[in-house]
Amino acid sequence: EEGLYGAFGYTKLTEAPDFSSLTTIGKSGLKFAFKYDYHMKGQPLMSNVTTIGNYGMDGCFSNNENLTKGADLSSCTQIGSYALKQCYSHCYRLEEVTAPNIDSWSYFFDSWLYSAGEYVTDTKTFNAPTGLQIPTNTSSGIPSGWTRVDY
């Protein structure tokens with residue numbers, strides 16, 4: 001059940017991963033998988049993921065200082081406990097992130113955007129499903145300085 005736990009951390013990957021064929025990320029499936037991949041650029045491709053299990057992407061892309069876009073998770077409709085915990089924390093150049101298409105916001109996103117986008121001086125975009133109530137001015141919701149765009 002551990003999947004790619006920490007598998008690519010501290011590597012010199014330059015391109016974000018292509019997981020466009022995945023529909024499910026299981027329990028701890030990508031936990032810390034790409035942590036500290038400082039050279040990674042682009043956007044992780046995950047547009048077909050519909051389900052993320054407990055801790056599925058916990059810390060997955062954290063400390064990727066050059067990652068500019070988060071995965072498009074708009075197809076994801078089922079999410080487990082702490083599924084995105086610290087997923088993009090310390091991604092200082094992150095400009096855009098897309099939240100899963102869920103109807104309640106809770107502890108799934110514990111510190112998922114902690115210090116994210118701190119080096120970005122232009123607009124930082126937070127894409128969210130229309131009508132979703134999300135806390136603002138917090139790294140577990142929409143951080144200060146981010147603009148919400150409904151999809």
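Two strands pair if DSSP finds at least two bridges between them, and that criterion is the one to keep in mind while touring this predicted model.

Begin by selecting strand β6, residues 124–128, together with strand β7, residues 146–150, which pairs with β6 in the parallel sense over five bridges. To find the register, pick Lys124 and look across to Trp146, its bridge partner in β7.

Now add strand β5, residues 96–98, which also pairs with β6 in the parallel sense, here over three bridges. On this side, Thr98 is the residue to pick, and its bridge partner in β6 is Asn127.

With the neighbouring strands shown, colour β6 by accessibility: five of its five residues are buried. In a regular strand the side chains alternate between the two faces of the sheet. In β6, Lys124, Phe126 and Ala128 lie on one side, with Thr125 and Asn127 on the other, and both faces are covered.

Stop next at Thr125, which counts as buried because its relative accessibility is 19%, against a cut-off of under 20%. Beyond its neighbours within four places in sequence, Thr125 is in contact with Glu95, Glu96, Val97, Trp146, Thr147 and Val149.

Move one residue along to Phe126 and display its surroundings, again leaving aside neighbours within four places in sequence; its contacts include Val97, Ala99, Trp105, Trp112, Leu113, Ile134 and Trp146. Phe126 also belongs to the largest nonpolar core, which has 39 residues, and is listed with Met46, Ile52, Met57, Phe61, Tyr88 and Trp112 as touching the most other members.

From the core, turn to the aromatic rings, of which the structure holds 13 pairs. A pair of aromatic rings is described by the distance of the centres and the angle of the planes. For a worked case, select Trp105 and Trp112, whose rings are 6.1 Å apart centre to centre with 65° between the planes, an edge-to-face arrangement. How buried is each partner, in terms of relative accessibility? Trp105 counts as buried because its value is 13%, and Trp112 counts as buried because its value is 0%.

Widen the selection to Phe19, Phe34, Phe61, Tyr88, Trp105, Phe108, Phe109, Trp112 and Phe126, which ring pairs link into a cluster. Phe126 thus brings the tour back to β6, where it shares one side of the strand with Lys124 and Ala128.

As a last stop, select Tyr82 and Lys85: the charged end of Lys85 sits over the ring of Tyr82, at 5.8 Å from the ring centre.

Note on methods: Residues numbered from 1 in each chain as written. Predicted model: local features only at pLDDT ≥ 70, side-chain atom pairs only at ≥ 80, totals over all residues. Heavy atoms only, no water. Core = buried A, V, L, I, M, F, W, Y, C linked by side-chain atoms within 4.5 Å. Buried < 20%, exposed > 50% of the residue type's maximum accessible area, 1.4 Å probe, protein only. Contact = heavy atoms within 4.5 Å. Phe/Tyr/Trp six-rings, centres within 6.5 Å; stacked < 30°, edge-to-face > 60°. Lys NZ or Arg CZ within 6 Å of the ring centre and 35° of its normal. Helix = DSSP H or I, 4+ residues; strand = E, 2+ residues; numbered from the N terminus.
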